[in-house]
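Biologist: Got a minute to go through this model with me? I'd like to start with the cavity and then hop around a bit.

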Amino acid sequence: MALRLLLQLALLGLGTTRPLVRGRSLHAPAVAWPSFFNLNSPLEVHETIQIPSNGSAPLRVDVQVFVTNVFNVDILRYTVSSMLLLRLSWLDTRLAWNTSVHPRRALTLPWDSLWTPELTIQEALWVDWQDQTPQAQVDQDGHVELDLALTTETNCDFELLHFPRDQSNCTLSFYALSNTVMELEFQAHVVNEIVSVKREYVLRDLKTQVPPQQLVPCFQVKLHLQNTALKAILALLVPGEALLLADMCGGLLPLQAPERMAYKVTLLLGYLVFHSSLVQVLPSSSSCNPLLIHYFTIQLLLLFVSTVETVLLAGLLARDHLRAKRSPGPAPRGEQQAHEEAGPNPEEAPGGAGSRRSWAEAADHTFFLLYVAGVVCSQFIFIGLWMWATCKSDPAPGEAVPHGGQPRP
């Protein structure tokens with residue numbers, strides 16, 4: 001009798017379809033599931049299949065999550081794509097049959113011909129299902145097993161303080177919004193089946209948990225991602241350090257040489273272009289921004305101060321040179337020849353242009369030593385902050401509220 005009921009359910013299920021798992025989308029759902037009522041079906045009304053009863057205890061659904069791929073980690077959009085295989089199993093005693101009467105030990109039924117948990121991924125932007133019509137396996141005791149393969153893009157709160165050596169935990173929350181915690185509970189396990197490691201972000205760990213104090217059944221899958229940092233080091237850190245080292249070497253050029261000012265201004269303009277492109281590459285956040293943003297900003301200030309120092313001292317020397325040219329007319333020819341034959345007077349040197357030049361060169365040398373010391377100290381300070389600085393992101397507004405609770409007035 002039970003087997004006949006199964007066959008009737010299977011035949012009825014061929015004309016009906018209802019959503020099994022949904023993902024929240026900002027625009028439109030990636031898969032348009034047919035509605036529960038099919039206008040082409042000869043039956044006008046179908047009753048909703050009720051959840052199997054487990055006495056006074058909630059029905060337990062065992063979930064095995066196989067993570068097969070994690071890709072398209074976008075830190076600018078705070079999204080990550082992943083490929084998952086969900087294996088759901090539960091007991092529905094209404095589907096059991098006597099093998100002595102019906103010798104078949106297992107049946108394959110369409111998923112819409114029996115009760116299945118309707119799952120929603122809370123963080124999903126879109127969900128793409130590899131199999132639009134999955135099949136459920138039912139054994140003689142009523143144990144049901146259903147496999148669902150999906151690809152999804154979800155939001156992830158990346159912790160980017162130590163970018164490009166950042167590590168983040170991305171969460172995928174599966175909710176059964178059609179049931180309550182008194183009717184249904186999940187027991188989840190996760191398996192890492194990723195075979196490729198040639199990627200920028202590597203999956204280091206996987207965990208599952210059932211969050212407490214929820215009004216609807218839920219289980220979560222946590223992905224622990226780590227950045228390999230090779231791309232960011234070659235594209236960001238190496239050019240930045242090279243420009244800073246080139247600026248320090250520019251301080252060795254003579255102050256009165258016109259090439260020095262052109263050299264400094266060229267470096268500053270090049271770093272401004274590099275910094276503008278850097279702003280587009282590095283992510284921004286409401287809290288715990290990457291330390292590299294502050295580091296490159298300090299480097300820009302150091303280059304600016306170095307260029308301003310060169311312009312100011314070179315300008316002072318040029319103005320003194322113009323004043324020397326505008327000094328009173330030369331002495332008579334005989335006195336000028338006598339003065340040239342006698343050579344420079346040491347007593348007149350402190351008040352001449354040579355004393356101003358020597359003062360400017362001494363100031364430039366002192367600034368160069370202080371500049372090198374400041375650059376070295378900034379490197380050590382940044383390394384110390386990189387190793388020991390921590391930052392805790394602000395909690396999300398909805399973390400303290402159970403999912404499915406009543407809205408606030």
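Biologist: How does the lining of the largest cavity split by class, in nonpolar, polar and charged residues?

Modeller: Keep in mind that this is a predicted model. The lining of the largest cavity has five charged residues, four nonpolar ones and two polar ones.

Biologist: Which residues line the largest cavity?

Modeller: Going along the chain, the lining is Asp247, Met248, Gly251, Arg260, Lys264, Ser306, Glu309, Asp364, Phe367, Phe368 and Tyr371.

Biologist: And which helices supply at least two residues each of that lining?

Modeller: Helix H2 (230-250), helix H3 (258-281), helix H4 (291-325) and helix H6 (353-388) each do. H6 gives the most, with four residues.

Biologist: What's the volume of the largest cavity?

Modeller: About 40 Å³. The count of cavities of 30 Å³ or more comes to one.

Biologist: Staying with the lining, which residue does Arg260 form a salt bridge with?

Modeller: Arg260 pairs with Glu309, and the closest N and O atoms are 3.6 Å apart. Arg260 sits in helix H3 and Glu309 in helix H4, so this salt bridge ties together parts that are 49 residues apart in sequence. Both Arg260 and Glu309 are on the list of lining residues too.

Biologist: Is Arg260 buried or exposed?

Modeller: Arg260 is buried, and Glu309 is buried as well.

Biologist: OK, how many salt bridges does the count come to?

Modeller: Eight. One of them joins the side chains of Glu153 and Arg77, at 3.1 Å from N to O. Glu153 is in strand S8 (residues 143-155), while Arg77 is in the loop between strand S2 (59-74) and S3, so the pair ties together parts 76 residues apart in sequence.

Biologist: Why does Glu153 count as buried?

Modeller: Because its relative accessible area is 10%, and buried means under 20%. Arg77, its partner, is partly exposed, with a relative accessible area of 46%.

Biologist: Which residues are linked in a network of salt bridges?

Modeller: Asp74, Arg77 and Glu153 are linked that way.

Biologist: Which residue does Asp147 form a salt bridge with?

Modeller: With Arg87, where the closest N and O atoms are 3.0 Å apart. This pair links distant parts of the chain: Asp147 is in strand S8 and Arg87 in strand S3, 60 residues apart.

Biologist: How do Asp147 and Arg87 count for accessibility?

Modeller: Asp147 is partly exposed, with a relative accessible area of 31%. Arg87 also counts as partly exposed, at 27% relative accessibility.

Biologist: Switching to the surface, which residues form the nonpolar patch?

Modeller: Met261, Val265, Leu269, Leu272 and Val311 form the patch, and together they have about 380 Å² of accessible area. H3 gives the most to the patch, with four residues.

Biologist: Where's Leu272, then?

Modeller: Leu272 is in helix H3. It is partly exposed, with a relative accessible area of 39%.

Biologist: Now for backbone oddities. Which residues does a cis peptide bond join?

Modeller: Phe163 and Pro164, with omega at about 15 degrees. Pro164 is placed in the loop between S8 and strand S9 (167-175).

Biologist: What about Tyr78, what's its phi?

Modeller: Tyr78 has a positive phi of about 55 degrees, although it is not a glycine. Look for Tyr78 in the loop between S2 and S3.

Biologist: Is Tyr78 buried or exposed?

Modeller: Tyr78 counts as buried, at 19% relative accessibility. The cut-off matters there, because buried means under 20%.

Biologist: And the phi of Gln213?

Modeller: Gln213 has a positive phi of about 55 degrees, and it isn't a glycine either. Gln213 lies in the loop between strand S11 (201-209) and strand S12 (218-227). It is exposed, with a relative accessible area of 71%.

Biologist: Last one: where does His102 lie?

Modeller: His102 is in the loop between strand S3 (79-91) and strand S4 (106-110). At 24% relative accessibility, His102 counts as partly exposed.

Biologist: How far apart are His102 and Gln140?

Modeller: They are 38 residues apart in sequence and 9.3 Å apart in space, going from C-alpha to C-alpha.

Key
Residues are numbered from 1 along each chain as its sequence is written. This is a predicted model: local features need pLDDT of at least 70, side-chain atom pairs count only at pLDDT 80 or more; totals for chains, interfaces and linings use all residues. Side-chain values use heavy atoms; hydrogens and water are left out. On a 1 Å grid over the protein atoms alone, a cavity is a set of points where a 1.4 Å probe fits but cannot get out, and a pocket is an open set with protein on both sides within 12 Å along at least five of seven lines; lining residues have an atom within 4 Å of a point. Grid points are joined across faces, edges and corners, and a volume is the space filled by probe spheres set on the points. Ala, Val, Leu, Ile, Met, Phe, Trp, Tyr, Cys and Pro count as nonpolar, Asp, Glu, Lys and Arg as charged, and the others, Gly among them, as polar. Patches are made of residues with over 30% relative accessible area and no salt bridge: like charges are joined within 9 Å, nonpolar side chains (Val, Leu, Ile, Met, Phe, Trp, Tyr) within 5 Å. Accessible areas come from the Shrake-Rupley method with a 1.4 Å probe; for residues, only the protein chains shown count as cover. A salt bridge is a side-chain nitrogen of Lys or Arg within 4 Å of a carboxyl oxygen of Asp or Glu. Buried means under 20% relative accessible area, exposed over 50%, partly exposed in between (1.4 Å probe, protein chains only).
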